Amino acid sequence: MTDPYWNHNVHHHRAVLAAVPDGCRTALDAGCGDGLLTRKPAARSVSVTGVDRSRK
């Protein structure tokens with residue numbers, strides 16, 4: 001998957017996704033911003049929750 005944009009967080013997505021174990025049932029993305037990373041583990045887990053304090 002090609003990222004629509006790059007920033008310092010996107011640089012670490014591959015490492016974060018590699019840490020999601022096979023058979024993962026739930027995942028949490030705290031401080032998810034626009035949800036770019038939140039959507040990626042959704043293909044590997046049953047449920048993903050993204051939360052962010054910002055209203056943007």
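Let us start with one residue, Thr38, which touches Asp29, Cys32, Val48, Thr49 and Gly50, leaving aside residues up to four places away in sequence; a contact here means heavy atoms within 4.5 Å. This is a predicted model, in which local features need pLDDT of at least 70 and side-chain atom pairs count only at pLDDT 80 or more, while totals for chains, interfaces and linings use all residues. Residues are numbered from 1 along each chain as its sequence is written, and side-chain values use heavy atoms, with hydrogens and water left out.

Thr38 is found in helix α2. Helices (H or I, at least four residues) and strands (E, at least two) are DSSP runs, numbered from the N terminus. Thr38 counts as buried because its relative accessibility is 12%, and buried means under 20% relative accessible area, with a 1.4 Å probe and protein chains only. The side chains of Thr38 and Asp29 are joined by a polar contact of 2.7 Å. Such a contact is a pair of N or O atoms within 3.5 Å; within protein, one must be able to donate a hydrogen and the other to accept it, and residues adjacent in sequence count only if both atoms are side-chain atoms.

Now move on to Lys40, in the loop between α2 (36-39) and β2 (47-51). Is Lys40 buried or exposed? Its relative accessible area is 13%, so Lys40 is buried. The Lys40 side chain also makes a polar contact, at 2.9 Å, with the side chain of His13.

His13 brings us to the largest pocket, whose volume is about 250 Å³. Of the 14 residues lining this pocket, Asn9, His13, Gly31, Cys32 and Leu37 are the closest to its centre. A pocket is an open set of points on a 1 Å grid over the protein atoms alone, where a 1.4 Å probe fits, with protein on both sides within 12 Å along at least five of seven lines; lining residues have an atom within 4 Å of a point. Grid points are joined across faces, edges and corners, and the volume is the space filled by probe spheres set on them. Helices α1 (13-18) and α2 each supply at least two residues of the lining.

Finally, step back to the whole chain. It has two helices and two strands, in the order α-β-α-β along the sequence. Its C-alpha atoms fill a box of roughly 30 × 25 × 15 Å along the principal axes. Buried residues make up 25% of the 56 residues.

Key
Buried means under 20% relative accessible area, exposed over 50%, partly exposed in between (1.4 Å probe, protein chains only).
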